[in-house]
Amino acid sequence: MSLFKCIKEFEVDELDENESPTGNDVIVEKDTFWELEEETYISDVRLVKLKTFEWLEICEETLNKFFEEVTG
């Protein structure tokens, strides 16, 4: 299991149950923890937020800019 911590708040497009944009934004809060999923559907990286199980799909560039891997 790979665990990531958000190091800077940012916004992403909200998706509905069919993975289509709703026109709303979702804020990804700083200091939240996310688990890397093996399988992705619409982007490079799929993360699942610990405790709430919200998911997020982002490109590698966004992962590197807004997250750091937690080790140990």
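How much space lies in the largest pocket? In this predicted model, the largest pocket holds about 400 Å³ of space. Of the 16 residues that line the largest pocket, Val12, Asp13, Glu14, Trp55 and Leu56 are the closest to its centre. The elements that each give two or more residues to this lining are β2, β3 (21-28) and β6, and β2 gives the most, with 4 residues. By residue type, the lining of the largest pocket divides into 9 nonpolar and 7 charged residues, with no polar ones. A general point helps in picturing such a space: rolling a probe the size of a water molecule over the atoms shows where empty space is left.

From the pocket, it is a natural step to the core. The largest nonpolar core has 13 residues, and those with the most contacts inside it are Phe10, Val28, Leu47, Leu56 and Phe67. Two or more residues of this core come from each of β1 (3-6), β2 (10-15), β5 (45-49), β6 (55-58) and α1 (60-66). As background, nonpolar side chains tend to be buried together in soluble globular proteins. Leu56 belongs to both pictures: it is among the residues closest to the centre of the largest pocket, and it is also among those with the most contacts inside the core.

Phe10 is a good residue to follow through the model. Leaving aside residues up to four places away in sequence, Phe10 touches Val26, Ile27, Val28, Leu56, Thr62, Phe66 and Phe67. Both Phe10 and Phe67 are buried; for Phe67, the relative accessible area is 5%, which is under the 20% that marks a buried residue.

The structure holds 3 aromatic pairs. One of them joins Phe10 and Phe67 in an edge-to-face arrangement, at 5.8 Å centre to centre and with 85° between the planes. Because Phe10 lies in strand β2 and Phe67 in strand β7 (residues 67-70), this pair ties together parts that are 57 residues apart in sequence. Phe67 also pairs with Trp34: their ring centres are 6.4 Å apart and their planes stand at 85°, so this pair too is edge-to-face. Here the link runs between Trp34 in strand β4 (residues 33-37) and Phe67 in strand β7, distant parts of the chain that are 33 residues apart. Trp34 is buried, with a relative accessible area of 5%. Together, Phe10, Trp34, Phe66 and Phe67 form one aromatic cluster.

The loops bring a change of scene. Most residues other than glycine have a negative phi. Against that background, Glu19, which is not a glycine, has a positive phi of about 65°. Glu19 sits in the loop between β2 and β3 and counts as partly exposed, at 28% relative accessibility. A second case is Asp31, a residue other than glycine whose phi is positive and near 70°. Asp31 lies in the loop between β3 and β4, and its relative accessibility of 43% makes it partly exposed.

Lys8 belongs to another loop, the one between β1 and β2. At 48% relative accessibility, Lys8 counts as partly exposed, since the partly exposed class runs up to 50%. Not counting residues up to four places away in sequence, Lys8 touches Lys30 and Phe66; Phe66 is a member of the aromatic cluster. The C-alpha atoms of Lys8 and Asp25 are separated by 16 Å, with their positions 17 residues apart along the chain.

Key: Residues are numbered from 1 along each chain as its sequence is written. This is a predicted model: local features need pLDDT of at least 70, side-chain atom pairs count only at pLDDT 80 or more; totals for chains, interfaces and linings use all residues. Side-chain values use heavy atoms; hydrogens and water are left out. A nonpolar core is a set of buried Ala, Val, Leu, Ile, Met, Phe, Trp, Tyr and Cys residues joined through side-chain atoms within 4.5 Å. Buried means under 20% relative accessible area, exposed over 50%, partly exposed in between (1.4 Å probe, protein chains only). Contact means heavy atoms within 4.5 Å. On a 1 Å grid over the protein atoms alone, a cavity is a set of points where a 1.4 Å probe fits but cannot get out, and a pocket is an open set with protein on both sides within 12 Å along at least five of seven lines; lining residues have an atom within 4 Å of a point. Grid points are joined across faces, edges and corners, and a volume is the space filled by probe spheres set on the points. Ala, Val, Leu, Ile, Met, Phe, Trp, Tyr, Cys and Pro count as nonpolar, Asp, Glu, Lys and Arg as charged, and the others, Gly among them, as polar. Rings of Phe, Tyr and Trp (its six-membered ring) pair if their centres lie within 6.5 Å; planes under 30 degrees apart count as stacked, over 60 as edge-to-face and the rest as tilted.
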